[in-house]
Amino acid sequence: MGLLIDGKWHEQWYDTASTGGRFVRNDAQFRNWITPDGSAGASGGEGFRAEPGRYHLYVSLACPWANRVLILRALKGLEHMISVSVVNPYMGKHGWTFEPAPGVVADPVGQARYLYEVYLRAQPQYSGRVTVPVLWDLERNTIVSNESSEIIRMLNSAFDGICASGGDYAPVELLPQIDAINAEIYDAVNNGVYKVGFATDQDVYEQEVGKLFAYLDKLETRLGRQRYLLGDQVTEADWRLFTTLIRFDAVYHGHFKCNLRRLADYENLWSYTRELYQWRGIAATVNFDHIKQHYYRSHDSINPNGIVPLGPILDLEGTPTRKPHEIT
Ligand SMILES: N[C@@H](CCC(=O)N[C@@H](CS)C(=O)NCC(=O)O)C(=O)O
């Protein structure tokens, strides 16, 4: 684990000492948009035109933020238009690498050994964290975006005119509600599990774990009333929640000590997670081996011996127990 400072790699773990034992996430720095006609996107920065075969993704199969991007790519049938490289699940002193291992897909552009080389190709003096996902433009040889929340918005609509398939997961009329619930879920759940797991102070840990489970309890009630977060239509908000829920019992419960309850103990949340997992194309974006290898082996301070547990045994293929026709 480390970061780039003025184009040079430095080994460094997250600094929680300056924030009272609290984990604080930095903002992503590449914030451009792919648009149908190449005009500037929501950030107002340079626009990149939607074209088949022009873009490449660098992802980790362990990472929940990269997982959302793979999910939108699958839902929109963009697998043949946007290629993918997969990093090694172990993130050590050089950060993410392309060290060969089952499931790793090498960098086709510059045969990088380390992901930070990809950042340096785009910006030789880059300073900041080297995170996945990264959306790369093969034509201009640069990074379009390294912010997953914006990449999924682009994939939802930018390629619609050039053979993306089905579904609008962020319909204009629902955007205010989607954005509002995304913000809550990001803070309480997606980033919430990291605030619990990376806390280095007992009181901070206890506060964060309490907030996380209080919010999961609220979601459990909500999903007892309706099929999806915003009613009977699946939206981006559901997929953003899903990537944390699918990792919950495998890594957040044990490794991050989010263990007041298992996700499988929540009837509605568990059934909802299973249902989304069983959507066409989704299970292929989830790799429990990479997920467990990454978390249990990469965070030395949390799990110094790097032992990866064999369990839990998860039954994700079973029939969801909620009866959608009764609750929509
Ligand atoms: N804001 C980014 C966050 C991505 C992120 O934090 N990815 C993690 C993997 S789960 C990462 O690459 N961390 C490396 C680091 O922080 O050095 C996004 O959502 O795209």
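**Exercise 1. Two residues with positive phi**

Determine whether C163 is buried or exposed, and state the count of C-beta atoms that decides it.

*Solution.* Step 1: C163 has 12 other C-beta atoms within 10 Å, so C163 is exposed. The criterion uses C-beta atoms placed from the backbone: a residue is buried if 20 or more others lie within 10 Å of its own, exposed if 12 or fewer, and partly exposed in between. The structure is a predicted model, in which local features need pLDDT of at least 70 and side-chain atom pairs count only at pLDDT 80 or more, while totals for chains, interfaces and linings use all residues. Residue numbers start from 1 along each chain as its sequence is written.

Step 2: although C163 is not a glycine, its phi is positive, at about 75°. C163 sits in the loop between α3 (148-157) and α4 (175-190). Helices (H or I, at least four residues) and strands (E, at least two) are DSSP runs numbered from the N terminus.

Step 3: N141, also a residue other than glycine, has a positive phi near 50°. N141 belongs to the loop between β7 and β8 (142-145), and it counts as exposed because it has 11 C-beta neighbours inside 10 Å.

**Exercise 2. Cis peptide bonds**

Identify which residue pairs are joined by cis peptide bonds, V132 with its partner and G311 with its partner, and place each proline in its loop.

*Solution.* Step 1: V132 and P133 are joined by a cis peptide bond with omega about 0°. P133 is in the loop between α2 (115-122) and β7 (134-137).

Step 2: the bond between G311 and P312 is likewise cis, with omega about 0°. The loop that holds P312 runs between α9 (288-298) and α10 (324-327).

**Exercise 3. The open sheet**

Give the strand order of the four-stranded open sheet and explain why one side of β6 and of β8 has no neighbour in the sheet.

*Solution.* Step 1: the order is β6-β5-β7-β8, and the pairing is mixed. Two strands pair if DSSP finds at least two bridges between them.

Step 2: β6 (82-86) and β8 are at the edges and each has a single partner strand, so one side of each is left without a neighbour in the sheet. From one strand to the next, the twist averages 35°; axes here are lines fitted to C-alpha atoms, for helices over the stretch in contact, and angles run from 0 to 180 degrees between N-to-C directions.

Step 3: β5 (residues 55-59) pairs with β6 in the parallel sense over five bridges. Among the partners in β6, V86 is bridged to V59 and S85 to Y58. Four of the five residues of β5 are buried, so that the strand is mostly covered.

Step 4: R54 is in the loop between β4 (47-49) and β5. Its 18 C-beta neighbours inside 10 Å make R54 partly exposed. R54 and I82 are 28 residues apart along the chain, yet their C-alpha atoms are separated by 7.2 Å. Leaving aside residues up to four places away in sequence, R54 touches D137, L138 and E139; contact requires C-beta atoms, placed from the backbone, within 7 Å.

**Exercise 4. Helices and what covers them**

For α3, establish how many residues are buried and what they pack against; then examine α6 and α9.

*Solution.* Step 1: eight of the ten residues of α3 are buried, so the helix is largely enclosed by the rest of the structure. These are S148, E150, I151, I152, R153, M154, L155 and N156. They pack against β3 (33-35), α1 (64-75), β7, β8 and α7.

Step 2: α6 (residues 202-225) has 24 residues and reaches 35 Å from its first C-alpha to its last, close to the 34 Å expected at 1.5 Å a residue. The expected span is 1.5 Å times one less than the number of residues. The buried residues of α6 are E208, V209, L212, L216, L219 and L223, and their cover includes α4, α5 (192-197) and α8 (267-277).

Step 3: in α9, the buried residues are H290, I291, K292, Q293, H294, Y295 and Y296. Their cover includes α7 (236-252).

Definitions and conventions. Two residues are in contact if their C-beta atoms, placed from the backbone, lie within 7 Å.
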